[in-house]
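Q: Please take a close look at one loop residue in this model, its backbone and its setting. Then set that residue in the context of the side-chain contacts and strand pairing found elsewhere in the chain.

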Amino acid sequence: RLVGAALARLQGARDRSRDGDAAVVAHGLGTDHAGGFDLSSGCSGFVASVATATSDVSTDIVMAPDGKTAYAVSNGVLGGVVRVIDTGTNTVVKSIDLPAGLSGYALAISPDGSRLYAPNTAGDGIAVIDTATNTVVETIATPGVSRMGRSAVSPDGSTLYVVSPGTNTVAAIDLATKTVTATITLFDPEGVAFRPDGTSVYVTSGTSLKVITTGLPPYSEAV
């Protein structure tokens with residue numbers, strides 16, 4: 001059964017439903033589409049394609065915890081846009097414009113699915129989207145941290161870790177106070193993921209993988 005979607009024009013953007021029945025991955029159609037892969041019977045075949053736009057460059061996608069909705073971010077001539085995809089009907093049901101000056105590249109979703117986070121790849125600031133209303137409700141200031149890429153929310157939903165290739169740092173953001181609580185210097189950080197227990201964050205950095213121990217400062221880092 002199809003419960004997922006994916007965007008073209010990026011090799012590697014992917015997610016999957018919590019029940020494991022569907023994968024969401026990027027595929028190279030050469031146009032902006034979404035597509036799903038049915039995994040429920042051990043199959044990994046592509047089963048559908050959904051047109052999302054005609055001129056945007058799509059770069060990332062995440063799925064809601066219940067698998068009913070996928071969120072895809074792209075940048076067009078008018079700025080960053082997050083498109084909301086109903087995975088039951090395989091249609092775009094809403095387009096959410098990011099704030100002026102905020103260029104989206106990647107998305108992170110909270111464990112309960114209530115918030116989306118879209119870091120600014122062109123400057124500073126992280127747009128926060130309420131998934132109940134599909135609207136941008138605030139922008140988190142990130143002084144000194146700009147040109148950001150991928151991010152990940154801790155399993156308990158309290159902290160967002162975001163990589164900043166532009167400043168060669170990884171920033172920890174307290175989602176209750178909406179403040180940057182720590183920055184870790186890493187060369188060319190790109191990917192970021194939490195351990196399921198939230199005790200460590202794994203970050204790809206150049207040709208290596210770094211492990212950051214979460215908790216109170218100084219946020220120890222090890223190769």
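A: Asn-90 lies in the loop that runs between strand 7 (79-86) and strand 8 (91-97). The model is a predicted one, and what follows should be read in that light. Although Asn-90 is not a glycine, its phi is positive, at about 55°. Such a value deserves attention because most residues other than glycine have a negative phi. With a relative accessibility of 22%, Asn-90 counts as partly exposed; the cut-off explains this, since buried would require a value under 20% and exposed a value over 50%.

A similar backbone feature occurs at Asp-188, which is not a glycine either and has a positive phi of about 50°. Asp-188 is found in the loop between strand 16 (179-185) and strand 17. Its relative accessibility is 34%, so Asp-188 is likewise classed as partly exposed.

Strand 17 (residues 189-194) also contributes to an aromatic contact, in which Phe-194 of that strand meets Tyr-161 of strand 14 (residues 159-164). The count of aromatic pairs in the structure comes to 1. The ring centres of Tyr-161 and Phe-194 are 5.4 Å apart and the ring planes stand at 85°, so the pair is edge-to-face. Because Tyr-161 and Phe-194 belong to strands 14 and 17 respectively, the contact ties together parts that are 33 residues apart in sequence. Tyr-161 is buried, at 2% relative accessibility, and Phe-194 is buried too, with a relative accessible area of 16%.

Charged side chains provide further links, and the structure holds 5 salt bridges. In one of them, Arg-150 is joined to Asp-60, with the closest N and O atoms 3.4 Å apart. Arg-150 sits in the loop between strand 12 and strand 13 (151-153), whereas Asp-60 is in strand 5 (residues 57-63), so this salt bridge ties together parts that are 90 residues apart in sequence. Both Arg-150 and Asp-60 are buried. Together with Glu-190, these two residues are linked in a network of salt bridges.

Another salt bridge joins Arg-195 to Asp-197, where the closest N and O atoms are 3.1 Å apart. Arg-195 is partly exposed, at a relative accessible area of 34%, and Asp-197 is partly exposed at 47% relative accessibility.

A salt bridge also connects the side chains of Arg-115 and Asp-130, at 3.6 Å from N to O. Arg-115 is in strand 10 and Asp-130 in strand 11 (residues 126-130), so the pair ties together parts that are 15 residues apart in sequence. The accessibilities of the partners are as follows: Arg-115 is partly exposed, with a relative accessible area of 26%, while Asp-130 is buried, with 15%.

The strands that carry Arg-115 and Asp-130 belong to an open sheet of 4 strands, arranged in the order 9-10-11-12 with antiparallel pairing. Its edges are strand 9 (108-109) and strand 12 (135-140), each of which pairs on one side only. Strand 9 and strand 10 (residues 115-119) pair in the antiparallel sense over 2 bridges. Within this pairing, Ile-109 has Leu-116 of strand 10 as its bridge partner.

Terms used: Residues numbered from 1 in each chain as written. Predicted model: local features only at pLDDT ≥ 70, side-chain atom pairs only at ≥ 80, totals over all residues. Heavy atoms only, no water. Pairing = 2+ DSSP bridges. Phe/Tyr/Trp six-rings, centres within 6.5 Å; stacked < 30°, edge-to-face > 60°. Buried < 20%, exposed > 50% of the residue type's maximum accessible area, 1.4 Å probe, protein only. Salt bridge = Lys/Arg side-chain N within 4 Å of Asp/Glu carboxyl O.
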